[in-house]
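Welcome! Below you will find a few short exercises, each with a worked solution. Take a look at the structure first, then try each task before reading on.

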Amino acid sequence: IKPCCSVKRYPPLPCPHHGVVMFGRLCLFEARALSQRRDFRTCAEHVEWQKRVVASSMRLPSAAQVTHLAAVPFLAEVDPLSSRYVVRAVPLSESVQHTPSASLVDVTWPISTDPVVEQSIRTLSGWGTFRLGKFYEALDALTADVAYRHTDGLNRGLALVTASHAHSITIARTPPGKDVRIRCYITSAGSASVEVRTDALTVGGEGEKLVNVCYTTMVAVDKATGKVAKGAVPRLERDVGGDEDAEKERVTLANLHKEIRTTRSRESIKFRTPLSRPPTQAEMEAIHALHRAHTVASEQPAGPKRLPDTVSQHTHFNSFVVFPEQRNVQGTLFGGELMAQGYELAYFAAHYFMRGAPFVPIGLDEAAFIQPVAIGDLVTFRARVVHAEASIFRVFVTVEVVDRMDTAKRTTRANHLRFVFVAHPDSDLSVLPETYPEILMHVNAQRIHAVERPTEDLLQACIGTTATGCPLDGTSTRMRPPYS
């Protein structure tokens with residue numbers, strides 16, 4: 001990188017953000033960070049990552065036994081139907097502590113034999129047998145159960161909080177009439193945090209098949225101070241007699257996920273992050289092209305117009321007060337409730353955006369829990385369709401706590417979730433961000449869209465779903481009409 005100070009008449013200038021010498025348009029700090037960047041650079045890399053995820057799925061340990069709900073206290077407390085599920089785990093008395101299999105829990109939804117369970121989790125489309133919102137609600141509780149089993153947190157008085165869910169993708173369609181297993185296990189452990197992987201698997205005559213996956217980061221904190229409790233998480237030991245190659249791959253993937261989090265945090269365009277940077281010139285040129293197309297369309301002669309949708313037209317709200325029955329064991333709002341509420345509002349926004357045309361929910365880019373929600377808090381969910389390109393669109397949900405004493409006061413910290421949906425492949429979707437915050441959400445989603453897309457196999461399965469009579473409302477298979 002050629003330093004800008006190489007031209008004698010221009011003296012070296014300090015970076016206004018980091019106070020170090022500038023190199024062209026980058027400061028030394030940014031140039032070094034760019035050279036150390038680790039993230040998905042192409043769609044091919046992300047497809048290869050998906051293959052590695054499928055290959056490294058953990059089998060149910062041979063020592064696992066059907067057990068009672070005491071093995072999953074968090075799930076038992078928040079799910080009224082948990083007594084109908086089949087829970088499997090390795091008895092702690094018979095396991096080597098601090099191994100992945102020792103803390104693993106496996107919960108079966110008996111869809112094929114229990115109509116109550118089948119009705120409670122079913123989706124409206126023909127894509128699968130369970131709603132992603134129910135999957136996220138269950139995994140939020142189960143990841144806590146797994147983390148506390150690994151750390152013996154309940155007996156030690158530890159507080160383990162969910163920092164984020166990420167890299168949730170749909171691998172395959174869920175065939176009707178088959179039971180679904182949700183399997184949670186630890187893939188890596190640091191001094192104060194663990195990564196927990198959750199697999200959704202269908203069970204049939206051909207064995208188990210992975211259909212969805214999600215990775216969760218949990219952090220140990222000191223109950224008295226609320227600070228990170230370093231050294232509180234035991235080291236993750238290797239499973240003796242297990243699939244050694246798959247176990248090593250899971251650790252490698254966990255390290256990759258950590259590097260991706262670091263890279264994306266460093267390159268964040270969020271206002272309140274220390275290294276916040278504006279969108280690039282190319283990204284702003286793309287925004288300019290969207291606005292120019294909107295202007296040209298709006299100024300056409302009188303008659304039917306095909307105006308692009310705007311983010312503001314597809315922004316929806318939902319508010320409620322947190323009651324005691326929604327709390328977790330730590331006395332705050334159960335994260336699974338937040339996930340389920342966020343998904344339902346995002347689903348509504350997607351349905352509204354598609355105007356009756358079919359679509360399929362396929363995953364979650366991320367869910368970041370920044371602010372705890374207490375009992376009695378006033379909570380507002382806001383869902384926006386922030387990005388749409390070709391047949392894929394994303395809905396960004398923010399969760400804010402309203403100040404009861406000053407309802408006009410802006411919140412400084414908000415939890416957020418971003419869900420991914422796919423429509424018929426012949427769709428040509430787009431959405432126009434108008435305000436600067438909307439532009440930042442759009443650009444952030446565009447960055448993920450550029451490198452993380454559904455595989456061709458999944459898209460072909462979606463084609464079969466949306467084109468052969470399995471739409472949301474069960475009646476319409478027409479294409480989405482334009483806004484006018």
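## Exercise 1: Cysteines

Cys43 counts as partly exposed, because its relative accessibility is 26%, where partly exposed lies between buried (under 20% relative accessible area) and exposed (over 50%), with a 1.4 Å probe and protein chains only. Before going on, please note that this is a predicted model, in which local features need pLDDT of at least 70, side-chain atom pairs count only at pLDDT 80 or more, and totals for chains, interfaces and linings use all residues. Residues are numbered from 1 along each chain as its sequence is written, and side-chain values use heavy atoms, with hydrogens and water left out.

Task: Find how many disulfides the whole structure has, and say whether Cys214 is buried or exposed.

Solution, step by step:
- A disulfide is a covalent bond between the sulfur atoms of two cysteines. Here the test is a pair of cysteine sulfur atoms within 2.5 Å.
- Searching the whole structure gives zero disulfides.
- Cys214 is in no disulfide: the nearest cysteine sulfur belongs to Cys184 and is 9.1 Å away.
- Cys214 counts as buried because its relative accessible area is 0%.

## Exercise 2: A helix and what follows

Task: Check whether the ends of helix H6 (residues 132-151) are as far apart as expected or not, and describe the residue that follows H6.

Solution, step by step:
- Helices (H or I, at least four residues) and strands (E, at least two) are DSSP runs, numbered from the N terminus.
- The expected span is 1.5 Å times one less than the number of residues. For the 20 residues of H6 this gives 28 Å, and the end C-alpha atoms are 28 Å apart, so the two agree.
- H6 is mostly covered, with 19 of its 20 residues buried.
- Next comes Asp152, in the loop between H6 and helix H7 (153-156). Asp152 is not a glycine, yet its phi is positive, about 55 degrees.
- Asp152 counts as partly exposed, because its relative accessibility is 37%.

## Exercise 3: The sheet

Task: Work out which strands are at the edges of the 12-stranded sheet, and which strands H6 touches.

Solution, step by step:
- Two strands pair if DSSP finds at least two bridges between them.
- The 12 strands form an open, antiparallel sheet in the order E3-E4-E5-E7-E8-E9-E6-E12-E15-E14-E13-E11.
- Strand E3 (65-67) and strand E11 (315-321) each pair on one side only, which makes them the edge strands.
- Inside the sheet, strand E7 (residues 179-189) and strand E8 (residues 193-204) run antiparallel and are joined by 10 bridges. Tyr185 has Arg197 in E8 as its bridge partner.
- H6 packs on the sheet and touches strand E4 (86-89), strand E5 (105-109), E6, E7, E8, E9, strand E12 (359-368) and strand E15 (415-423). Touching here is contact, meaning heavy atoms within 4.5 Å.
- The direction of H6 makes about 45 degrees with that of E7. Axes are lines fitted to C-alpha atoms, for helices over the stretch in contact, and angles run from 0 to 180 degrees between N-to-C directions.

## Exercise 4: A loop and the whole chain

Task: Describe Ala390, then say how many helices and strands the protein chain has.

Solution, step by step:
- Ala390 is in the loop between strand E13 (378-389) and strand E14 (392-402). Its phi is positive, about 60 degrees, although Ala390 is not a glycine.
- Ala390 is partly exposed, because its relative accessible area is 39%.
- The protein chain has 12 helices and 16 strands.
- Of its 484 residues, 50% count as buried.
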